[in-house]
Amino acid sequence: MDEHLLRFDKNKTLVFIDCETLNLCLNYCHNRPWQIAMLKCQGDKIIDTKDVYLKWKEELKISKDAARITRYDPKNIEKHGIDPALFFPTLREWLEKADYILGHNILGFDLHIINQYYKFMNVEPIDFLSKSIDTNLLWKGIKTSNIYDPKKESLAEYMYKLYHTKFKNVRTNLTAAGKDLDINHDYDSLHNALSDLELNFKVWNKIKFMVNI
């Protein structure tokens with residue numbers, strides 16, 4: 001009866017993405033991603049990964065607090081960073097061929113960063129929203145007993161509604177979600193994009209059995 005649900009589909013390609021950026025601005029005039037990680041998954045398996053550092057020609061600043069929290073290291077960027085134009089074709093192929101794109105707070109942040117990346121490369125973004133799943137908002141709905149009902153609204157409508165709804169004393173960030181779900185992970189390594197995604201994948205593999213998508 002529920003075999004149509006995503007949790008049972010082993011053929012759909014899911015791409016998890018996380019961007020570590022200089023700050024929280026959603027426009028490239030003040031902000032850029034310096035690390036982007038992606039996981040390509042089918043069912044419960046990770047079939048490929050990407051983890052890149054981006055070196056922009058424009059000189060942009062990051063605050064000391066932001067650098068400390070995200071472990072931003074300019075020497076590492078200088079040594080390992082690549083031209084964003086070189087990575088863009090890979091990002092574009094993964095995202096556009098994916099059946100679904102997932103992330104924790106992807107609706108409120110990463111999708112904006114991705115769209116700006118496309119525009120920076122003079123490419124018109126596709127409709128990412130229609131195939132995006134924000135695990136932060138799904139977990140927010142689960143924790144507040146606002147479970148998604150596909151008979152009442154689309155997934156995008158549901159996620160936007162929850163995004164704009166504030167709940168007192170409800171913490172749904174990735175660390176909180178992982179610990180609430182008793183997930184074993186190296187939590188000290190978070191704010192590294194790849195480590196974040198590995199935890200994000202574990203969170204999804206638990207909450208996908210709590211929602212009908």
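**Cysteines and aromatic rings**

Cys41 counts as buried, at 0% relative accessibility. This is a predicted model, and the account below starts from that cysteine before turning to the aromatic side chains.

The sulfur of Cys41 has its closest cysteine sulfur in Cys19, 16 Å away, which is too far for a bond. Cys29 is partly exposed, with a relative accessible area of 48%. For Cys29 the closest cysteine sulfur is that of Cys25, at 5.3 Å. That distance is also too far for a bond, because a disulfide requires the two sulfur atoms to lie within 2.5 Å. A search of the whole structure finds zero disulfides.

The aromatic rings give another picture. The count of aromatic pairs comes to 11. One of them joins Phe16 and Phe201, whose ring centres are 5.6 Å apart and whose planes stand at 90 degrees, an edge-to-face arrangement. This pair links distant parts of the chain. Phe16 belongs to strand E1 (residues 13–21), while Phe201 belongs to helix H8 (residues 193–207), and the two are 185 residues apart. Phe16 is buried, with a relative accessible area of 0%. Phe201, at 7%, is buried as well.

A pair that spans a shorter stretch of sequence is formed by Tyr118 and Phe128, which are 10 residues apart. Their ring centres lie 5.4 Å from each other and their planes meet at 75 degrees, so this pair is edge-to-face; the angle qualifies because it is over 60 degrees. Tyr118 is in helix H4 (residues 106–120), and Phe128 is in the loop between H4 and strand E5 (132–134), so the contact ties that helix to the loop. Both Tyr118 and Phe128 are buried.

Tyr118 and Phe128 are also members of a cluster linked by ring pairs. Its other members are Tyr28, Trp56, Phe88, Tyr117 and Phe120.

Trp56 leads on to the charged side chains. Besides belonging to the cluster, Trp56 has the charged end of Arg32 sitting over its ring, 5.1 Å from the ring centre. A lysine is placed over a tryptophan elsewhere: the charged end of Lys40 sits over the ring of Trp94, at 4.4 Å from its centre. Lys40 directly precedes Cys41 in the numbering, the buried cysteine with which this account began.

Notes
Residues are numbered from 1 along each chain as its sequence is written. This is a predicted model: local features need pLDDT of at least 70, side-chain atom pairs count only at pLDDT 80 or more; totals for chains, interfaces and linings use all residues. Side-chain values use heavy atoms; hydrogens and water are left out. Buried means under 20% relative accessible area, exposed over 50%, partly exposed in between (1.4 Å probe, protein chains only). Rings of Phe, Tyr and Trp (its six-membered ring) pair if their centres lie within 6.5 Å; planes under 30 degrees apart count as stacked, over 60 as edge-to-face and the rest as tilted. Helices (H or I, at least four residues) and strands (E, at least two) are DSSP runs, numbered from the N terminus. A charge sits over a ring if NZ of Lys or CZ of Arg is within 6 Å of the ring centre and within 35 degrees of the ring normal.
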